[in-house]
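Please look over the sequence and the fold shown here. The report below walks through selected helix contacts, strand pairings and backbone features.

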Amino acid sequence: MGKDKFLIIVHFLATGIVRWHKNYINSGKTYPYPDDVQFGLDKLACYSLTKNLEFPRNIPEAVQWFHQPLQTWPQVLENLLPFATEEALMIDNMPTDLCYELALEGDVEQELMEGLLVQVLNLCQEQGKNEDYVRFRRFIIENPILDRAKLIRWSNNLQNGVAARLLQDAYEDLPAGALGPEGKYYQCPHCGWILEWKNESEGRCIHQQCTEKTNNFKKRKVLAGTGLVRLKRGIMRFIAWPGRWELKLESDLLKLHHGLKVDLWPGFDSYDLRLTFPTGEVWGIDVKDWRNPYLLAKKAGVFPPYPVWDKAFWIIPDYQWRRYSHYGQEFGRFHKLGSNEFIESLGGFRRRVQRLLEVE
Ligand SMILES: [Zn+2]
(Lines give C-alpha, C1' and ligand atoms only; values in the text may rest on other atoms or scores of the structure.)
Protein backbone atom coordinates (compact mmCIF):
# COMPACT_ATOMS: atom_id res chain seq x y z
CA MET A 1 0.00 0.00 0.00
CA GLY A 2 2.84 2.39 0.92
CA LYS A 3 4.31 2.12 -2.54
CA ASP A 4 1.04 3.01 -4.29
CA LYS A 5 0.39 5.85 -1.88
CA PHE A 6 3.81 7.30 -2.51
CA LEU A 7 3.47 6.88 -6.28
CA ILE A 8 0.25 8.91 -6.17
CA ILE A 9 2.10 11.68 -4.34
CA VAL A 10 4.79 11.66 -7.05
CA HIS A 11 2.07 11.88 -9.74
CA PHE A 12 0.60 14.95 -8.03
CA LEU A 13 3.98 16.62 -7.73
CA ALA A 14 4.82 15.91 -11.38
CA THR A 15 1.44 17.23 -12.56
CA GLY A 16 1.97 20.36 -10.47
CA ILE A 17 5.47 20.93 -11.82
CA VAL A 18 4.26 20.66 -15.43
CA ARG A 19 1.41 23.14 -14.79
CA TRP A 20 3.71 25.43 -12.88
CA HIS A 21 6.19 25.44 -15.73
CA LYS A 22 3.43 26.17 -18.24
CA ASN A 23 2.13 29.13 -16.20
CA TYR A 24 5.60 30.40 -15.61
CA ILE A 25 6.36 30.32 -19.31
CA ASN A 26 3.08 32.01 -20.13
CA SER A 27 3.12 34.70 -17.46
CA GLY A 28 6.76 35.03 -16.42
CA LYS A 29 5.67 34.63 -12.76
CA THR A 30 6.66 31.82 -10.42
CA TYR A 31 3.72 32.52 -8.07
CA PRO A 32 1.19 31.33 -7.31
CA TYR A 33 2.29 27.73 -7.61
CA PRO A 34 -0.44 25.30 -8.60
CA ASP A 35 -2.60 23.46 -6.10
CA ASP A 36 -1.19 20.13 -7.22
CA VAL A 37 2.29 21.12 -6.04
CA GLN A 38 1.00 22.27 -2.67
CA PHE A 39 -1.27 19.24 -2.37
CA GLY A 40 1.57 16.90 -3.30
CA LEU A 41 3.92 18.56 -0.82
CA ASP A 42 1.34 18.38 1.97
CA LYS A 43 0.80 14.69 1.27
CA LEU A 44 4.53 14.12 1.14
CA ALA A 45 4.89 15.84 4.52
CA CYS A 46 2.14 13.70 6.13
CA TYR A 47 3.55 10.54 4.62
CA SER A 48 7.09 11.37 5.76
CA LEU A 49 6.08 12.35 9.29
CA THR A 50 4.46 8.97 9.90
CA LYS A 51 7.65 7.24 8.76
CA ASN A 52 10.07 9.67 10.34
CA LEU A 53 11.65 10.63 7.01
CA GLU A 54 13.06 13.97 5.86
CA PHE A 55 10.89 16.08 3.53
CA PRO A 56 11.12 19.56 1.96
CA ARG A 57 9.89 22.25 4.39
CA ASN A 58 9.24 25.06 1.92
CA ILE A 59 9.08 25.76 -1.81
CA PRO A 60 12.76 26.61 -2.39
CA GLU A 61 13.70 23.36 -0.62
CA ALA A 62 11.12 21.48 -2.69
CA VAL A 63 12.58 22.90 -5.91
CA GLN A 64 15.99 21.60 -4.80
CA TRP A 65 14.47 18.17 -4.19
CA PHE A 66 12.83 18.21 -7.62
CA HIS A 67 16.30 18.67 -9.17
CA GLN A 68 17.74 15.64 -7.32
CA PRO A 69 17.46 12.12 -8.78
CA LEU A 70 14.37 10.49 -7.30
CA GLN A 71 16.46 7.69 -5.89
CA THR A 72 18.08 10.13 -3.44
CA TRP A 73 14.74 10.85 -1.77
CA PRO A 74 14.46 8.82 1.44
CA GLN A 75 10.85 7.95 0.53
CA VAL A 76 12.05 6.33 -2.70
CA LEU A 77 14.76 4.32 -0.98
CA GLU A 78 12.05 2.97 1.24
CA ASN A 79 9.58 2.15 -1.55
CA LEU A 80 11.72 0.97 -4.46
CA LEU A 81 9.44 2.33 -7.17
CA PRO A 82 8.75 -0.04 -10.06
CA PHE A 83 10.89 2.04 -12.43
CA ALA A 84 14.46 3.28 -12.53
CA THR A 85 14.79 6.47 -10.54
CA GLU A 86 18.15 7.92 -11.47
CA GLU A 87 16.25 10.79 -13.08
CA ALA A 88 15.01 13.92 -11.35
CA LEU A 89 11.64 15.62 -11.82
CA MET A 90 13.26 18.86 -12.99
CA ILE A 91 16.38 19.85 -14.83
CA ASP A 92 17.37 23.48 -15.13
CA ASN A 93 13.94 24.52 -13.80
CA MET A 94 12.17 22.60 -16.56
CA PRO A 95 10.19 19.35 -16.18
CA THR A 96 12.17 16.26 -17.23
CA ASP A 97 10.79 13.52 -19.48
CA LEU A 98 10.13 11.43 -16.38
CA CYS A 99 8.15 14.33 -14.94
CA TYR A 100 6.03 14.70 -18.10
CA GLU A 101 5.38 10.95 -18.22
CA LEU A 102 4.35 10.90 -14.58
CA ALA A 103 2.10 13.91 -15.16
CA LEU A 104 0.39 12.69 -18.31
CA GLU A 105 -2.67 11.48 -16.56
CA GLY A 106 -6.13 12.83 -17.12
CA ASP A 107 -6.35 16.30 -18.55
CA VAL A 108 -2.79 17.52 -18.38
CA GLU A 109 -1.78 16.46 -21.88
CA GLN A 110 -4.86 18.02 -23.45
CA GLU A 111 -4.40 21.16 -21.38
CA LEU A 112 -0.86 21.49 -22.63
CA MET A 113 -1.95 21.22 -26.25
CA GLU A 114 -4.40 24.06 -25.56
CA GLY A 115 -7.20 21.72 -26.70
CA LEU A 116 -6.45 22.76 -30.27
CA LEU A 117 -5.93 19.33 -31.77
CA VAL A 118 -9.13 18.13 -30.14
CA GLN A 119 -10.98 21.01 -31.78
CA VAL A 120 -9.43 20.20 -35.16
CA LEU A 121 -10.25 16.53 -34.76
CA ASN A 122 -13.88 17.25 -33.85
CA LEU A 123 -14.32 19.59 -36.79
CA CYS A 124 -12.86 17.12 -39.29
CA GLN A 125 -14.90 14.31 -37.78
CA GLU A 126 -18.16 16.28 -38.09
CA GLN A 127 -17.42 16.79 -41.76
CA GLY A 128 -16.12 13.25 -42.28
CA LYS A 129 -12.75 14.54 -43.51
CA ASN A 130 -9.97 12.35 -42.14
CA GLU A 131 -7.66 13.62 -44.91
CA ASP A 132 -8.05 17.21 -43.67
CA TYR A 133 -7.01 16.16 -40.18
CA VAL A 134 -3.96 14.41 -41.63
CA ARG A 135 -3.04 17.47 -43.70
CA PHE A 136 -3.31 19.78 -40.67
CA ARG A 137 -1.29 17.56 -38.40
CA ARG A 138 1.40 16.88 -40.99
CA PHE A 139 1.82 20.62 -41.59
CA ILE A 140 2.37 21.26 -37.88
CA ILE A 141 5.00 18.53 -37.60
CA GLU A 142 6.84 19.72 -40.70
CA ASN A 143 6.81 23.40 -39.68
CA PRO A 144 7.91 24.00 -36.07
CA ILE A 145 8.80 27.55 -37.09
CA LEU A 146 7.76 29.42 -40.18
CA ASP A 147 7.11 32.73 -41.78
CA ARG A 148 3.91 34.44 -40.68
CA ALA A 149 3.08 35.17 -44.32
CA LYS A 150 3.25 31.45 -45.16
CA LEU A 151 1.10 30.63 -42.14
CA ILE A 152 -1.58 33.07 -43.25
CA ARG A 153 -1.45 31.85 -46.85
CA TRP A 154 -1.82 28.22 -45.80
CA SER A 155 -4.65 28.82 -43.37
CA ASN A 156 -6.59 30.96 -45.86
CA ASN A 157 -6.30 28.37 -48.61
CA LEU A 158 -9.59 26.47 -48.80
CA GLN A 159 -7.85 23.56 -50.46
CA ASN A 160 -6.06 22.84 -47.18
CA GLY A 161 -9.26 21.56 -45.66
CA VAL A 162 -11.99 22.38 -43.17
CA ALA A 163 -9.60 22.92 -40.25
CA ALA A 164 -7.05 25.10 -42.06
CA ARG A 165 -8.34 28.32 -40.53
CA LEU A 166 -7.53 26.99 -37.04
CA LEU A 167 -3.86 26.68 -37.92
CA GLN A 168 -3.02 30.17 -36.67
CA ASP A 169 -3.99 29.08 -33.14
CA ALA A 170 -1.13 26.60 -33.15
CA TYR A 171 1.50 29.33 -33.50
CA GLU A 172 2.73 32.32 -31.54
CA ASP A 173 5.26 35.15 -31.94
CA LEU A 174 8.84 34.40 -30.98
CA PRO A 175 9.32 35.12 -27.25
CA ALA A 176 11.80 37.76 -26.05
CA GLY A 177 14.03 34.98 -24.69
CA ALA A 178 14.60 33.66 -28.20
CA LEU A 179 17.02 36.47 -29.01
CA GLY A 180 20.39 34.78 -28.51
CA PRO A 181 24.13 35.43 -28.75
CA GLU A 182 25.10 38.32 -31.02
CA GLY A 183 21.50 39.47 -31.12
CA LYS A 184 20.44 36.67 -33.47
CA TYR A 185 17.78 33.96 -33.54
CA TYR A 186 18.80 30.30 -33.73
CA GLN A 187 17.01 27.14 -34.76
CA CYS A 188 17.59 23.80 -33.04
CA PRO A 189 19.12 21.58 -35.73
CA HIS A 190 17.74 18.48 -34.01
CA CYS A 191 13.99 19.24 -33.86
CA GLY A 192 13.65 22.48 -35.82
CA TRP A 193 12.12 24.63 -33.05
CA ILE A 194 13.50 28.01 -31.96
CA LEU A 195 16.08 28.09 -29.17
CA GLU A 196 15.58 30.19 -26.06
CA TRP A 197 18.46 31.65 -24.08
CA LYS A 198 18.97 32.06 -20.36
CA ASN A 199 22.13 33.97 -21.12
CA GLU A 200 24.70 34.16 -23.96
CA SER A 201 25.90 30.60 -23.47
CA GLU A 202 22.91 28.70 -22.06
CA GLY A 203 20.41 27.75 -24.73
CA ARG A 204 17.41 25.49 -24.32
CA CYS A 205 14.91 23.77 -26.56
CA ILE A 206 11.85 21.59 -26.06
CA HIS A 207 13.49 18.30 -25.11
CA GLN A 208 16.58 17.03 -23.27
CA GLN A 209 17.47 15.09 -26.41
CA CYS A 210 18.02 18.40 -28.26
CA THR A 211 20.66 19.47 -25.71
CA GLU A 212 22.46 16.14 -26.04
CA LYS A 213 22.32 15.87 -29.82
CA THR A 214 23.63 19.38 -30.49
CA ASN A 215 26.47 19.36 -27.94
CA ASN A 216 24.65 21.86 -25.77
CA PHE A 217 23.58 23.91 -28.84
CA LYS A 218 27.08 24.49 -30.11
CA LYS A 219 25.50 23.17 -33.30
CA ARG A 220 22.74 25.60 -34.27
CA LYS A 221 21.34 27.38 -37.29
CA VAL A 222 21.13 31.16 -37.54
CA LEU A 223 17.72 32.47 -38.59
CA ALA A 224 16.77 35.70 -40.27
CA GLY A 225 14.19 36.19 -37.49
CA THR A 226 11.88 38.80 -38.95
CA GLY A 227 8.27 37.78 -39.39
CA LEU A 228 8.74 34.35 -37.83
CA VAL A 229 6.30 32.46 -35.62
CA ARG A 230 6.82 29.24 -33.69
CA LEU A 231 4.60 26.38 -32.59
CA LYS A 232 3.22 26.85 -29.09
CA ARG A 233 5.15 24.89 -26.50
CA GLY A 234 2.54 22.20 -25.73
CA ILE A 235 1.87 21.53 -29.40
CA MET A 236 5.59 21.31 -30.11
CA ARG A 237 6.16 18.96 -27.20
CA PHE A 238 3.18 16.65 -27.61
CA ILE A 239 2.35 16.78 -31.32
CA ALA A 240 5.34 17.89 -33.36
CA TRP A 241 8.10 16.23 -31.34
CA PRO A 242 6.68 12.68 -31.37
CA GLY A 243 5.20 13.34 -34.82
CA ARG A 244 8.72 13.44 -36.28
CA TRP A 245 8.94 9.68 -35.68
CA GLU A 246 5.54 9.07 -37.25
CA LEU A 247 6.51 10.89 -40.45
CA LYS A 248 9.94 9.28 -40.50
CA LEU A 249 8.42 5.83 -40.23
CA GLU A 250 5.96 6.67 -43.00
CA SER A 251 8.75 7.79 -45.32
CA ASP A 252 11.00 4.80 -44.42
CA LEU A 253 8.18 2.36 -45.16
CA LEU A 254 7.28 3.98 -48.46
CA LYS A 255 10.93 3.73 -49.51
CA LEU A 256 11.07 0.01 -48.68
CA HIS A 257 8.54 -1.13 -51.24
CA HIS A 258 6.31 0.68 -53.71
CA GLY A 259 3.48 -1.77 -52.99
CA LEU A 260 3.13 -0.77 -49.33
CA LYS A 261 0.24 1.49 -48.42
CA VAL A 262 0.65 3.72 -45.36
CA ASP A 263 -2.21 5.72 -43.81
CA LEU A 264 -1.41 8.26 -41.14
CA TRP A 265 -3.72 8.68 -38.11
CA PRO A 266 -6.46 6.48 -39.56
CA GLY A 267 -10.01 6.53 -38.24
CA PHE A 268 -9.60 10.08 -36.92
CA ASP A 269 -6.44 9.39 -34.99
CA SER A 270 -7.47 6.03 -33.64
CA TYR A 271 -3.78 5.11 -33.80
CA ASP A 272 -0.71 6.48 -35.62
CA LEU A 273 -0.11 4.50 -38.81
CA ARG A 274 -1.91 1.76 -40.70
CA LEU A 275 0.34 -0.31 -42.93
CA THR A 276 -1.19 -2.46 -45.69
CA PHE A 277 1.04 -5.04 -47.40
CA PRO A 278 0.63 -6.05 -51.05
CA THR A 279 -0.89 -9.32 -49.76
CA GLY A 280 -3.65 -7.37 -48.00
CA GLU A 281 -2.31 -8.01 -44.49
CA VAL A 282 -2.74 -4.95 -42.26
CA TRP A 283 -0.58 -3.81 -39.34
CA GLY A 284 -1.66 -1.10 -36.89
CA ILE A 285 1.12 1.02 -35.37
CA ASP A 286 1.32 3.40 -32.42
CA VAL A 287 4.63 5.21 -32.00
CA LYS A 288 5.40 6.00 -28.38
CA ASP A 289 8.31 8.28 -27.60
CA TRP A 290 8.39 7.32 -23.93
CA ARG A 291 11.45 7.05 -21.80
CA ASN A 292 9.94 4.83 -19.18
CA PRO A 293 8.45 1.42 -20.09
CA TYR A 294 6.67 1.06 -16.76
CA LEU A 295 4.86 4.39 -17.05
CA LEU A 296 4.06 3.69 -20.71
CA ALA A 297 2.65 0.27 -19.80
CA LYS A 298 0.39 1.90 -17.21
CA LYS A 299 -0.83 4.47 -19.74
CA ALA A 300 -1.00 2.35 -22.88
CA GLY A 301 -4.46 0.76 -22.53
CA VAL A 302 -5.92 -1.53 -25.17
CA PHE A 303 -4.66 -1.12 -28.74
CA PRO A 304 -7.60 0.53 -30.59
CA PRO A 305 -9.35 -2.24 -32.56
CA TYR A 306 -10.53 0.02 -35.43
CA PRO A 307 -9.70 0.53 -38.24
CA VAL A 308 -9.13 -3.24 -38.15
CA TRP A 309 -5.65 -4.76 -38.23
CA ASP A 310 -4.11 -8.24 -38.31
CA LYS A 311 -1.19 -7.32 -36.08
CA ALA A 312 -0.65 -4.32 -33.81
CA PHE A 313 2.66 -2.76 -32.78
CA TRP A 314 3.78 -0.34 -30.09
CA ILE A 315 6.88 1.23 -31.62
CA ILE A 316 9.56 2.91 -29.50
CA PRO A 317 12.13 5.26 -31.06
CA ASP A 318 15.57 3.64 -31.00
CA TYR A 319 17.15 6.21 -28.66
CA GLN A 320 14.55 5.41 -25.97
CA TRP A 321 14.69 1.65 -26.64
CA ARG A 322 18.48 1.62 -26.11
CA ARG A 323 18.27 3.42 -22.76
CA TYR A 324 16.68 0.37 -21.15
CA SER A 325 18.34 -2.96 -21.77
CA HIS A 326 14.98 -4.78 -21.63
CA TYR A 327 12.46 -2.14 -22.63
CA GLY A 328 10.12 -4.66 -24.30
CA GLN A 329 10.16 -7.12 -21.38
CA GLU A 330 9.65 -4.33 -18.85
CA PHE A 331 6.63 -3.08 -20.81
CA GLY A 332 5.30 -6.64 -21.07
CA ARG A 333 5.56 -7.16 -17.32
CA PHE A 334 2.96 -4.48 -16.67
CA HIS A 335 0.92 -4.58 -19.85
CA LYS A 336 -0.43 -7.86 -21.14
CA LEU A 337 0.04 -8.03 -24.90
CA GLY A 338 -2.51 -9.97 -26.94
CA SER A 339 -1.31 -12.76 -29.24
CA ASN A 340 -1.18 -10.40 -32.24
CA GLU A 341 0.28 -7.44 -30.36
CA PHE A 342 3.95 -6.59 -30.18
CA ILE A 343 6.35 -4.01 -28.83
CA GLU A 344 9.37 -3.21 -30.95
CA SER A 345 12.03 -0.56 -31.57
CA LEU A 346 11.60 1.56 -34.69
CA GLY A 347 14.70 0.03 -36.30
CA GLY A 348 13.62 -3.47 -35.36
CA PHE A 349 10.20 -2.86 -36.86
CA ARG A 350 11.66 -1.66 -40.16
CA ARG A 351 13.74 -4.86 -40.36
CA ARG A 352 10.68 -6.97 -39.59
CA VAL A 353 8.76 -5.36 -42.46
CA GLN A 354 11.73 -5.87 -44.76
CA ARG A 355 11.98 -9.57 -43.87
CA LEU A 356 8.29 -10.10 -44.56
CA LEU A 357 8.58 -8.39 -47.93
CA GLU A 358 11.54 -10.62 -48.85
CA VAL A 359 9.55 -13.75 -48.07
CA GLU A 360 6.58 -12.66 -50.15
ZN1 LIG B 1 15.19 21.01 -30.35
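What follows covers helix packing, then sheets, then single residues. This is a predicted model.

## Helix packing

Two helix pairs are described here. Each pair has an axis distance and a crossing angle.

| Helix pair | Axis distance | Crossing angle |
|---|---|---|
| H13 (residues 293–300) and H15 (residues 327–334) | within 8 Å | roughly 40° |
| H8 (residues 130–142) and H11 (residues 233–256) | within 8 Å | roughly 95° |

Take H13 and H15. Their axes cross at roughly 40°, and the two helices are therefore oblique to each other. H13 passes H15 in a right-handed crossing. On the H13 side, the contact uses Pro-293, Tyr-294, Leu-296, Ala-297 and Lys-298. On the H15 side, Tyr-327, Glu-330, Phe-331 and Phe-334 meet them. By class, the residues of this contact are seven nonpolar and two charged, with no polar ones.

Now H8 and H11. Their axes come within 8 Å and cross at roughly 95°. H8 and H11 are therefore roughly perpendicular to each other. H8 contributes Arg-137, Arg-138, Ile-140 and Ile-141 to the contact. H11 contributes Ile-235, Ile-239, Ala-240, Gly-243, Arg-244 and Leu-247. The residues of the contact of H8 with H11 comprise six nonpolar, one polar and three charged.

## A residue in H8

Asp-132 also lies in helix H8. Is Asp-132 buried or partly exposed? Asp-132 has 19 C-beta neighbours inside 10 Å, so it counts as partly exposed; the buried class starts at 20. Leaving aside residues up to four places away in sequence, Asp-132 touches Cys-124, Gly-161, Val-162 and Ala-163. Glu-54 is a distant reference point: 78 residues from Asp-132 in sequence and 54 Å away in space, C-alpha to C-alpha.

## The open sheet

Three strands form an open sheet in the order E3-E9-E4, with antiparallel pairing. Which strands stand at the edges? Strand E3 (145–147) and strand E4 (171–173) do, and each has a single partner strand, so one side of each is left without a neighbour in the sheet. On average, neighbouring strands of this sheet are turned by 40° against each other, direction ignored.

E4 and strand E9 (residues 228–231) run antiparallel and are joined by three bridges. Tyr-171 stands opposite Leu-231 in E9. Helix H9 (residues 148–156) packs on the sheet and touches E3, E4 and E9. The direction of H9 makes about 85° with that of E3.

## Pairings of E12

Strand E12 (residues 282–287) pairs with strand E11 (residues 273–276) in the antiparallel sense, over four bridges. Leu-275 stands opposite Trp-283 in E12. The hairpin of E11 and E12 has five residues between the strands. Gly-280 in this hairpin takes a positive phi near 100°.

E12 also pairs with E13, in the parallel sense and over five bridges. One bridge there matches Val-287 with Ile-315 in E13. Strand E13 spans 311–316.

## Backbone features

Where is Pro-307 placed? Pro-307 sits in the loop between H13 and strand E13. The peptide bond from Tyr-306 to Pro-307 is cis, with omega near -15°.

Two residues other than glycine have a positive phi. Asn-216 has a phi of about 55°. Asn-216 belongs to the loop between helix H10 (208–213) and strand E8 (221–223). Asn-216 has 14 other C-beta atoms within 10 Å and is partly exposed.

Phe-268 has a positive phi near 55°. Phe-268 is found in helix H12 (residues 266–269). With 15 other C-beta atoms within 10 Å, Phe-268 is partly exposed.

Notes
Residues numbered from 1 in each chain as written. Predicted model: local features only at pLDDT ≥ 70, side-chain atom pairs only at ≥ 80, totals over all residues. Axes fitted to C-alpha atoms, helices over the stretch in contact; angles between N-to-C directions. Parallel < 35°, antiparallel > 145°, perpendicular 65-115°, else oblique. Left-handed = near helix turned anticlockwise from the far one by under 90°. Contact = placed C-beta atoms within 7 Å. Nonpolar A, V, L, I, M, F, W, Y, C, P; charged D, E, K, R; others polar. Buried ≥ 20, exposed ≤ 12 C-beta atoms within 10 Å, placed from the backbone. Pairing = 2+ DSSP bridges.
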